[in-house]
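Biologist: I am new to this structure and would like a close look at a single part of it, followed outward to whatever it connects with. Please go slowly, and explain any word about burial before you use it.

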Amino acid sequence: MSRKRLNFLFLNVGHFLDHLFMLIFATVAALRLAEEWGMSYAALIPYATPGFVAFGLGALPAGWIADKWSRQGMLVLFFVGIGASSILTSLADSPTEIALGLLAIGGFASIYHPVGLAMVVEGRKKTGVPLAVNGVFGNLGVAVAALLTGYLIDTGGWRHAFVAPGAISIGIGAAYAAFVRVGRESRIGLPDVPAAAGEAAAGASAIDRATFVRVLSVVVFTAAAGGLIFQSTTFALPKIFDERLAGLAGSATAIGGYAFGVFAIAALAQLLVGHLVDRHALRTVFAVVAGLQGVFFALMYELTGLAAVVVATAFTFVVFGQIPINDVLVSRIAKSAWRSRVYAVRYVVSFSVMASSLPVIAGIHAAWGFGALFVAMAVAAGGILGAVLLLPTRGAVAGRPVSARC
């Protein structure tokens, strides 16, 4: 395997772990801690808020440091730091302690998106498929989080669900550090960054300032609304299945298995959408994806049993399908020299909304149940569709990729 492909593999594994770590607590809280600590689900999940706040706000300094210092060095810090934080979280004996552990996990998790995605698109003319492949790994992390955590809860307790992935991540971090060191010593492989100085902006279009601001505004708004939808579907799905699959899932492992199946199938959406945006008008693809989100959320309102599993798979498919579209838009408008910082802005908005949505999810669930949550997500999907229609109708930004500009 070439060094370029091996580097891409490390980036993909990093995306997988990033999302896995951020969702361990979602399954732990829904299936074990609420009962063990004598708390309601609605009372427990807000303790995850500090971690998601750090996940969002930490992206800005992470992107700035990566552009000024080293993207590879920041990735090593990500692997080791998030693994160590997860192991420390397993020692928590109170909600406050577990909130502090989740805060540390979120802080190190914030490194990946502004750094890893900038490395994925670096030097590429067409970015849709590479971002989609990377996105599939991230979505598989979401899927495996529910399945693996449910299994580890049943076999070793909830603390084991934090320890095992943490040890693995530290090991991968050590391997990546060795990979980087060998590359530097032999002077082969990908250049360390900041290598943006003098580098051609292979993934950025030459666009005027007004178009840049217009597209960035659409990216920010759709990232915010998409963050609310993504958080609601991924964080709450184990609890949704716990309530709506009575008779079909009687253990944490079974509920995690259903969630894994939904997330694993939905992960393929990014491959399909990545292929489409590299060959068709991005604006059209984005509009279809947003419209389908609203339809499927409305259908899910009171469904139970296997019908709920089918529709949940459908809405998760299109929710995951939106992710590479936002990232492709960033790659088309941002030059390499400051791409990490633009990705940081996109993910600060998205993850900040995700963090603030946890109390909202808890409040809606306590007052009205998950049916009302699906209504709210359908409205958010309608807002995304409206924003997409504001994208330019011509040019490489929102249309088909052309020559070396896309």
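Modeller: A residue is called buried when its relative accessible area is under 20%, exposed when that area is over 50%, and partly exposed when the value falls in between. Gly-257 comes out at 27% relative accessibility, and therefore counts as partly exposed. The model is a predicted one, and Gly-257 is a useful place to begin reading it, with its position in helix H11. The C-alpha atom of Gly-257 is separated by 8.7 Å from that of Leu-148, although the two residues are 109 residues apart along the chain.

Before following helix H11 further, it helps to have the whole chain in mind. The protein chain has 16 helices and zero strands, and buried residues make up 57% of its 406 residues. If one takes the contacts between residues at least 6 apart in sequence, 86% of them join residues at least 24 apart.

Helix H11 covers residues 252–267 and also holds Phe-263, which, unlike the glycine we began with, is buried, at a relative accessible area of 1%. The aromatic rings of the model form 14 pairs in total. In one of them, the ring centres of Phe-263 and Phe-320 are 5.9 Å apart and the ring planes stand at 15 degrees to each other, so this pair is stacked. The stacked rings join distant parts of the chain, since Phe-320 belongs to helix H14 (residues 305–333) and the two phenylalanines are 57 residues apart. Phe-320 is itself buried, with a relative accessible area of 0%.

A second helix to consider alongside H11 is helix H12 (residues 269–277), whose buried residues are Ala-269, Gln-270, Val-273, Gly-274 and Val-277. These five cover an arc of only 125 degrees around the axis, and therefore lie on the same side of H12. As for what this buried set meets, it packs against H8, H11, helix H13 (282–299) and H14, so that H11 and H14, already linked through the stacked phenylalanines, appear again among its partners.

The nonpolar interior can be approached through Phe-241. Setting aside residues up to four places away in sequence, Phe-241 touches Ile-255, Tyr-258, Ala-259, Val-262, Val-309 and Ala-312. Phe-241 is also named, with Phe-25, Phe-52 and Phe-235, among the residues that have the most contacts inside the largest nonpolar core, a set of 120 residues. Helix H1 (residues 3–36) gives the largest share of this core, namely 16 residues.

From the nonpolar interior we can turn to the charged side chains. Side chains of opposite charge can pair when their charged atoms come close. The model has five salt bridges, and one of these brings us back to helix H14. There Asp-327 meets Arg-346 at 3.0 Å, N to O; because Arg-346 lies in helix H15 (residues 339–367), the pair ties together parts that are 19 residues apart in sequence. Both partners are buried, Arg-346 with a relative accessible area of 5% and Asp-327 at 4%. The charged end of Arg-346 also sits over the ring of Tyr-347, 4.0 Å from its centre.

Another salt bridge joins Asp-154 to Arg-32, at 3.9 Å from N to O. This one reaches across a long stretch of sequence, with Asp-154 in helix H8 (residues 128–156), Arg-32 in helix H1, and their positions 122 residues apart. Here neither partner is buried: Asp-154 is partly exposed at 38% relative accessibility, and Arg-32 is partly exposed at 25%.

A third pair stays within one helix. Asp-242 and Lys-239 form a salt bridge at 3.6 Å, N to O, and because they are three residues apart in helix H10 (residues 209–244), about one helical turn separates them. Their surroundings differ, since Asp-242 is partly exposed at a relative accessible area of 32%, whereas Lys-239 is buried at 14%.

One last group of rings completes the walk. Phe-10, Phe-78, Phe-79, Tyr-112, Tyr-176 and Phe-179 are linked by ring pairs into a cluster, and the charged end of Arg-3 sits over the ring of Phe-179, 3.9 Å from its centre.

Key
Residues numbered from 1 in each chain as written. Predicted model: local features only at pLDDT ≥ 70, side-chain atom pairs only at ≥ 80, totals over all residues. Heavy atoms only, no water. Phe/Tyr/Trp six-rings, centres within 6.5 Å; stacked < 30°, edge-to-face > 60°. Helix = DSSP H or I, 4+ residues; strand = E, 2+ residues; numbered from the N terminus. Buried < 20%, exposed > 50% of the residue type's maximum accessible area, 1.4 Å probe, protein only. Lys NZ or Arg CZ within 6 Å of the ring centre and 35° of its normal. Core = buried A, V, L, I, M, F, W, Y, C linked by side-chain atoms within 4.5 Å. Contact = heavy atoms within 4.5 Å. Salt bridge = Lys/Arg side-chain N within 4 Å of Asp/Glu carboxyl O. Arc of directions from axis to C-beta.
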